[in-house]
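Subject: The structure for you to look through

Dear colleague,

I am handing over the structure we talked about, with the sequence beside it. Please open it first and keep it in view while you read the notes underneath.

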Amino acid sequence: MKRLLPFLAMVLLLVGSAHAAQPLPGDSVYQLPVQLTGQDGRQQMLSARRGRPQLVTMFYTSCQMVCPLIIDSLRLTRNALDPAVRSQVDLLAVSFDPARDDVAALRRYADKRKLDPRFWTLARAEPAQVRQLSAVLGLQYRQLPGGDFNHSSELILLDADGRMAARTSVIGRLDPAFVKAIAETVSRH
């Protein structure tokens with residue numbers, strides 16, 4: 001048995017490496033060279049999230065109206081998933097407002113909203129990368145003169161390879177069809 005364990009570990013490592021070494025699908029969001037900085041200060045390329053389904057949205061921390069509902073909707077959606085499915089899905093919310101949403105602001109927001117960092121990543125990117133990401137995700141935004149933003153409000157499911165598998169614009173309450181799409185996507189993963 002002791003000889004078998006190193007062999008199994010090597011096989012698992014090779015299988016994991018093979019998945020990461022496979023080229024990304026042409027329609028993968030992970031094709032974008034976006035560097036994210038999370039609420040923990042850790043930097044990673046968006047493509048580093050490959051391998052697990054992601055629930056993705058965009059928001060900004062100083063928003064008082066829609067963004068709290070977006071985060072609540074993400075939480076409701078995650079909580080509605082079967083525990084086995086829930087454990088396989090990560091949550092990513094990228095700020096529309098990198099000028100004000102630095103690491104400290106993201107951390108304060110995560111702490112205030114009690115967002116478990118094991119599952120939740122609140123992130124920022126450089127303004128040009130935020131614009132590229134929002135365009136690829138099909139989310140529109142524009143900054144208003146007072147500093148607030150008009151923006152799309154959607155939750156997007158990315159499969160393990162970063163392809164858009166489902167989306168919902170139902171905000172402030174649960175969308176059962178979206179929950180079902182997540183479960184189906186995870187079961188194919």
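Below is what was found, going from the whole chain to single residues.

Please keep in mind from the start that this is a predicted model. The mean pLDDT of the chain is 90, and 89% of the residues reach 70 or more. One stretch needs caution, since over residues 4-18 the pLDDT is below 50, and apart from near neighbours in sequence this stretch has 0 contacts in the model. Where pLDDT is low, the predicted coordinates should not be read in detail.

Taken as a whole, the chain contains 6 helices and 9 strands, and 46% of its 189 residues count as buried. If you look at contacts between residues at least 6 apart in sequence, 70% of them join residues at least 24 apart. The chain exposes about 10100 Å², of which carbon and sulfur atoms supply 57%.

A good place to begin is strand β1, residues 35-38, which runs antiparallel to strand β2, residues 43-45, and is joined to β2 by 3 bridges. Within this pair, leucine 36 has glutamine 44 of β2 as its bridge partner. The two strands form a hairpin with 4 residues between them, and in the turn glycine 41 has a positive phi of about 85°. β1 is also joined to strand β5, residues 120-124, by 2 bridges, again in an antiparallel arrangement, and here glycine 38 stands opposite alanine 123.

Next, please turn to helix α4, which covers residues 103-113 and in which Val103, Ala105, Leu106, Tyr109, Ala110 and Arg113 are buried. Seen down the axis of α4, these buried residues fall within an arc of 165°, so they line one face of the helix. An α-helix has 3.6 residues a turn, so residues three or four places apart point the same way. On the other side of α4, by contrast, Arg108, Asp111 and Lys112 are exposed. The cover over the buried residues of α4 includes β1, β3, α2 and β5. Following the helix comes lysine 114, whose phi is positive, near 55°.

What lies in the interior? The largest nonpolar core has 48 residues, and those with the most contacts inside it are Leu36, Leu46, Leu55, Phe59, Leu122, Leu137 and Ile182. Several elements each supply at least two residues of this core, among them β3, α2, β4, α4 and β5, while the largest share, 5 residues, comes from α6. In soluble globular proteins, nonpolar side chains tend to be buried together. To follow one member of the core in the viewer, you could take leucine 46, which touches Val29, Tyr30, Val34, Leu36, Leu92 and Leu133, leaving aside residues up to four places away in sequence.

Finally, please find leucine 174, in the loop between β9 (164-168) and α6 (176-188). Is leucine 174 buried, exposed or partly exposed? Leucine 174 counts as partly exposed because its relative accessibility is 32%, and the range for that class lies between under 20% for buried and over 50% for exposed. Its contacts, again not counting residues up to four places away in sequence, are with Leu76, Thr77, Ala80 and Val179. The C-alpha atoms of leucine 174 and arginine 75 are separated by 9.5 Å, although these two residues are 99 residues apart along the chain.

With best wishes

Definitions and conventions:
Residues are numbered from 1 along each chain as its sequence is written. This is a predicted model: local features need pLDDT of at least 70, side-chain atom pairs count only at pLDDT 80 or more; totals for chains, interfaces and linings use all residues. Side-chain values use heavy atoms; hydrogens and water are left out. pLDDT is the predictor's confidence in each residue, from 0 to 100. Contact means heavy atoms within 4.5 Å. Two strands pair if DSSP finds at least two bridges between them. Buried means under 20% relative accessible area, exposed over 50%, partly exposed in between (1.4 Å probe, protein chains only). Accessible areas come from the Shrake-Rupley method with a 1.4 Å probe; for residues, only the protein chains shown count as cover. The arc is that of the directions from the helix axis to the C-beta atoms. A nonpolar core is a set of buried Ala, Val, Leu, Ile, Met, Phe, Trp, Tyr and Cys residues joined through side-chain atoms within 4.5 Å.
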